[in-house]
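Visitor: I'd like a close look at a single part of this one, please. Pick a spot where side chains come together and take me through it slowly.

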Amino acid sequence: MAIKEYLFPIRMDEKDYSKLMAKTASLGMTEGKLLSSFIGDFTDGIYSNGSDERNLIDSWIKRRFFPFQRKESFLKFLSQNQYDIEFITKSFDSREECSEDEYPLSEFIETFGCYQLSIGKTLNGDEIEKEISKCRSWLSRYKTTENTGRFINDEDYCNL
């Protein structure tokens, strides 16, 4: 199975960089392999190291980022509930072409209704458009990153 290699900028100061280099050297691995392993556990991906590691990362994420970043958004709602963000966004965009009882639009209406229930308020047209705009921006960034990834073979990954 071939996987893609993605490049993400990571900001750190020189001391953190030196410590990262020393730690990965002491483990006998590259920085990319260490971060790929972490990401595998974080996403429960194909390179996950097991449920204990996933549970530890989930605990760390909850302590580190919540409740400080609990701002609700439709994008967050879709992602947490494993909706197809592109389908839902396209369903909203097709509203002028569909009647309310047609599948794509009705799927959007039902999903957005669930979101509004979850946040405890009804959004107006401008607020809905802002939420959809966030989804479009995320999709654009996702597709750009997805399409710029470089395919590498498992053998290459294992030899990092």
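Guide: What follows is a walk around one helix contact and the aromatic rings linked to it.

First, the ground rules: this is a predicted model, so to speak, with local features needing pLDDT of at least 70 and side-chain atom pairs counting only at pLDDT 80 or more, while totals for chains, interfaces and linings use all residues. Numbering starts from 1 along each chain as its sequence is written, and side-chain values use heavy atoms, leaving out hydrogens and water.

The protein chain has eight helices and two strands (DSSP runs numbered from the N terminus: H or I of at least four residues for helices, E of at least two for strands). Look at helix α5 (residues 85-93) and helix α6 (residues 103-119): their axes come within 8 Å and cross at roughly 110°. Those axes are lines fitted to C-alpha atoms over the stretch in contact, with angles running from 0 to 180 degrees between N-to-C directions. The two helices are therefore roughly perpendicular (65 to 115 degrees; under 35 is roughly parallel, over 145 roughly antiparallel, the rest oblique).

From α5, the contact (heavy atoms within 4.5 Å) uses Phe87, Ile88, Ser91 and Phe92. On the α6 side you'll find Tyr103, Pro104, Leu105, Glu107, Phe108 and Thr111.

Now zoom in on Phe108. Leaving aside residues up to four places away in sequence, Phe108 touches Phe74, Ile88, Ser91, Phe92, Ile128 and Ile132. Phe108 is also among the residues touching the most other members of the largest nonpolar core, which has 15 residues. Such a core is a set of buried Ala, Val, Leu, Ile, Met, Phe, Trp, Tyr and Cys residues joined through side-chain atoms within 4.5 Å. Helices α4, α5, α6 and α7 (125-148) each put in at least two residues.

Ring pairs also link Phe108 into a cluster with Phe74, Phe77, Tyr83, Phe92, Phe112 and Tyr115. To pair, rings of Phe, Tyr and Trp (its six-membered ring) need centres within 6.5 Å; planes under 30 degrees apart are stacked, over 60 edge-to-face, and the rest tilted. The structure holds 11 aromatic pairs. In one of them, the centres of Phe77 and Tyr115 lie 5.6 Å apart with planes at 55°, so that pair is tilted. Phe77 sits in α4 (residues 74-80) and Tyr115 in α6, 38 residues apart. Phe77, at 10% relative accessibility, counts as buried, and so does Tyr115 at 2% (buried is under 20% relative accessible area, exposed over 50%, partly exposed in between, with a 1.4 Å probe and protein chains only).
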